[in-house]
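Below is a walk through the surroundings of two ligands. The text takes them one at a time and ends at a metal site.

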Amino acid sequence: MQRSGAKVILLMAGFLLAGGAARADDAIEAKAKVCAGCHGEQGIPMQKVIPVIWGQNAGYLFYQLRDFKSGARKNDLMSPIAANLDQADLLPLAQYFSKLKWPNLGQPPAPDDVAKAAQTAAASVGCPGCHLDHFQGDGTTARLAGQNHDYLLKTMNDFRDGTRGNNPGMSDLMKATSPDNMQALATYLAGLQIDAYINQGQ
Ligand code: HEC
Ligand code: HEC
């Protein structure tokens, strides 16, 4: 009698926990709706200078939300959004977007000469040492492959001139990269769309 009573209580606790988790997911999904206004209903950003966040690495997304909220990274469009988010929602939002499928923006592969210039520049600075061989990144390091071309170029320039000041290491690397090589890197990285290294969503 006592044992079956304990079982019922355990079962009930299980239902309550499952229900609580589902409600938390619903709440995050509702909060994520505002993001679609700029980052896109299907993960394709509304403007070329807005980054893809669907399928981006969770640790990286979390760091950016944290940095926009603290003011370590600033942007006229994104900072006010982050300011209005609850601190406790940053990690769940990062995890939510990281699980969605990275979209194909249909950007063409770089022409051979541009790809060669980009690969040479990448090798000399050692980009793959952190962003990995297929520029898929990992954890708190950003995926670059298939990212919006104009955003890539803008954010590399922002690192270079200090407009984006949340990672001094990346700023130093961009200062060591010529503007021509930065152009080549943006075209090359934007055109990488290798299915095997793309988060297919869950
Ligand atoms: C009004 C437009 C707008 C809305 C709404 C918006 N964002 Fe953004 N977001 C941007 C722009 C623009 C950038 C790029 C900022 C820059 O160039 O530094 C950005 C950048 C980001 C980044 C950094 C990505 C990277 O690759 O570095 C993350 C993460 C992000 N947004 C998450 C969100 C989330 C989560 C929401 C919803 C809660 C949201 N954004 C809503 C415009 C918006
Ligand atoms: C020592 C490790 C390291 C190396 C080497 C490195 N990166 Fe990064 N990179 C990072 C990290 C970490 C971030 C995330 C920074 C942050 O949190 O804001 C980043 C961010 C970026 C971003 C911003 C992505 C986004 O979505 O906004 C771009 C673009 C980028 N790196 C390009 C490059 C290129 C091109 C090279 C080579 C020329 C390079 N990186 C070399 C570690 C590195």
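Which helices each supply at least two residues of the shell around ligand 2? In this predicted model, they are helix H2 (58–70), helix H6 (127–131), helix H7 (149–161) and helix H8 (168–175). Of the elements involved, H7 gives the most to that shell, with five residues.

The shell around ligand 2 holds 21 residues, and the closest are Cys127, Cys130, His131, Tyr151 and Met170. Sorted by class, this shell has 14 nonpolar, six polar and one charged residues. Several side chains place an N or O atom at a short listed distance from an oxygen atom of the ligand. For arginine 164 the distance between such a side-chain atom and an oxygen atom of ligand 2 is 2.8 Å. For glutamine 64 it is 2.9 Å, and for asparagine 166 it is 2.9 Å.

The next stop is ligand 1. Here 21 residues make up the surroundings, and the closest are Cys35, Cys38, His39, Tyr60 and Met78. By class, the shell around ligand 1 divides into 16 nonpolar, three polar and two charged residues. The side chain of tyrosine 60 has an N or O atom 2.6 Å from an oxygen atom of ligand 1. Tyrosine 151 has a side-chain N or O atom 3.0 Å from an oxygen atom of ligand 1, and a polar side-chain atom of lysine 154 also lies 3.0 Å from an oxygen atom of this ligand. The elements that give two or more residues to the shell around ligand 1 are H1, H2, H3 and H7. Among these elements, H2 gives the most, with five residues.

Tyr151 therefore appears in both descriptions: it is listed with the closest residues of ligand 2, and its side chain has a polar contact with ligand 1, as the 3.0 Å separation falls within 3.5 Å.

What are the protein donors of the iron atom of ligand 1? They are His39, through NE2, and Met78, through SD, lying 2.0 to 2.2 Å from the iron. This pair links distant parts of the chain: histidine 39 belongs to helix H1 (residues 2–39) and methionine 78 to helix H3 (residues 78–83), with the two positions 39 residues apart in numbering. Are these two residues buried or exposed? Both histidine 39 and methionine 78 are buried.

The iron atom of ligand 1 has six donor atoms, and the angles among them run from 88 to 180°. The site is octahedral. For comparison, ideal angles for six octahedral donors are 90 or 180 degrees.

Definitions and conventions. Residues are numbered from 1 along each chain as its sequence is written. Chains are lettered from A and ligands numbered from 1 in the order in which they are written. This is a predicted model: local features need pLDDT of at least 70, side-chain atom pairs count only at pLDDT 80 or more; totals for chains, interfaces and linings use all residues. Side-chain values use heavy atoms; hydrogens and water are left out. Donors are N, O and S atoms within 2.8 Å of the metal (3.2 Å for Na, K and Ca); water is not among the atoms, so sites may look incomplete. Four donors count as tetrahedral if all angles lie between 85 and 135 degrees; four count as square planar and six as octahedral if opposite donors are over 155 degrees apart and all others between 65 and 115; anything else is irregular. Helices (H or I, at least four residues) and strands (E, at least two) are DSSP runs, numbered from the N terminus. Buried means under 20% relative accessible area, exposed over 50%, partly exposed in between (1.4 Å probe, protein chains only). A residue is near a molecule or strand if one of its heavy atoms lies within 4 Å of it. A polar contact is a pair of N or O atoms within 3.5 Å; within protein, one must be able to donate a hydrogen and the other to accept it, and residues adjacent in sequence count only if both atoms are side-chain atoms. Ala, Val, Leu, Ile, Met, Phe, Trp, Tyr, Cys and Pro count as nonpolar, Asp, Glu, Lys and Arg as charged, and the others, Gly among them, as polar.
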